[in-house]
Amino acid sequence: MTIPIEAMRDEIGGRRLPGGTITVEPHEAFIADRALRSTVEDPADAHPTWFVIASLRCLGITVEELCALAHQGPDDTLLFGRCRIDQREPLRVGGTYEAAATIREVATRSMRDGTRLDSVEVEVVLHGGTESRVEAGSVTSVYLFKRGDR
Amino acid sequence: MSRPGVPAVGDRVVDAVVRGVRDDDIQAMALVLRDPNPIHFDLAAVARAGLGDRAVNQGGSTMAYVADHVVAWAGGRRALRSIDCSFRGSVSAGDDVEVGAVVTSVEQVADGAEVELEVWADVVGGRRAIAGVARVVLAGESA
């Protein structure tokens, strides 16, 4: 039986995740640029998708552990619903960033066929790249849990 | 990199196609993302998930195609202020992906002209994979 949304909201809404640290390694930036068919040649400023890479690598928990926090059942399907990057400064190739991760909104809605669709919004804020440790930007990701039992 | 002039609302500023999404690229991004989801590299897992018979591209990678073409138009990666995308459908290895952007507003900000764009990525001959909004600043330009 799927957990009531109010209980899940009370349980994980606002929860701070461990977070982490990431370095935009030059060889990984090079490989990602080619794998992503980048048309922009820039050896200094990293591809904007490095915010997304950082958000996945720096939650401080695995995606499986995030699913467990959302009480994912065997018949539930995880979907990546939405992603927003807010860039104050591009991440620097070679730069090291600290990530703070927090679960923000926990919500639910019903799909047309009556299936319950729960959403868990996770915000990751990145600081660093320079000695001043300024905020480089943030990523807000919405993970959707399509519940198998209505 | 050349910079654009200030566009008008309704101008289509990105119109590009990423040809033939490659298995090797999906696998490389699985490593860079530390993404263990087997739908990106194990065709048996793709079939079990009911997603066909080709590896599924990462949603973040399809979003990256959009971001890349937007910043290429805007003059560089530093121009990006935000990009907000919803994921509506999957992209698979072998697909061609059409990327587009249309201007929805232009405003003067302290460091230039801020341009808001409606953005998308469609599988050519298929459905919309991504829809969203991006904001860039054309530094030193006047709205």
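I take two strands as paired if DSSP finds at least two bridges between them, where strands (E, at least two residues) and helices (H or I, at least four) are DSSP runs numbered from the N terminus.

This is a predicted model, in which I require pLDDT of at least 70 for local features and count side-chain atom pairs only at pLDDT 80 or more, while totals for chains, interfaces and linings use all residues. Residues are numbered from 1 along each chain as its sequence is written, and chains are lettered from A and ligands numbered from 1 in the order in which they are written.

**Entry 1: the sheet**

I looked up how the two chains are joined by strands, and found that β2(A) and strand β2 of chain B (residues 80-87) run antiparallel and are linked by five bridges. Within this pairing, A:I85 has B:I83 of β2(B) as its bridge partner.

I then traced the sheet as a whole: 10 strands form an open sheet with antiparallel pairing, in the order β1(A)-β3(A)-β4(A)-β5(A)-β2(A)-β2(B)-β5(B)-β4(B)-β3(B)-β1(B). Its edge strands, each pairing on one side only, are β1 (16-23) of chain A and β1 (12-18) of chain B. On average, neighbouring strands are turned by 20° against each other, direction ignored; I take such angles between lines fitted to C-alpha atoms, for helices over the stretch in contact, from 0 to 180 degrees between N-to-C directions.

In chain B, I noted 12 bridges between strand β3 (residues 97-109) and strand β4 (residues 112-123), which pair in the antiparallel sense, and I found B:E107 opposite B:E114 of β4(B).

**Entry 2: the contact between the chains**

I counted two residues as in contact if their C-beta atoms, placed from the backbone, lie within 7 Å. The contact takes 27 residues from chain A and 30 residues from chain B. On the side of chain A that touches chain B, α2 (26-35), α3 (49-57) and β2 (77-87) each supply at least two residues, and β2(A) gives the most, with eight residues.

**Entry 3: helix α3(B) and the core**

I checked helix α3 of chain B (residues 59-74), which has 16 residues and spans 23 Å from its first C-alpha to its last, close to the 22 Å expected at 1.5 Å a residue, the expectation being 1.5 Å times one less than the number of residues. Of its 16 residues, 15 are buried, by which I mean that 20 or more other C-beta atoms lie within 10 Å of a residue's own (12 or fewer is exposed, and in between is partly exposed). The helix is followed by B:G75, whose phi is positive, near 105°.

α3(B) lies across β2 of chain A and β1, β2, β3, β4 and β5 (128-139) of chain B, running at about 30° to β5(B).

The largest nonpolar core (buried Ala, Val, Leu, Ile, Met, Phe, Trp, Tyr and Cys residues joined through C-beta atoms within 7 Å) has 77 residues, and A:A54, B:V66, B:V70 and B:V136 have the most contacts inside it. The largest share of this core, nine residues, comes from α3(B). Leaving out residues up to four places away in sequence, I found that B:V66 touches B:C85, B:V99, B:V119, B:A121 and B:I130.

**Entry 4: positive phi in chain A**

Most residues other than glycine have a negative phi. A:R37, in the loop between α2 and α3 of chain A, has a positive phi near 55° and is partly exposed, with 19 other C-beta atoms within 10 Å. A:H71, in the loop between α4 (63-69) and β2 of chain A, has a positive phi of about 55° and is partly exposed, with 17 other C-beta atoms within 10 Å.
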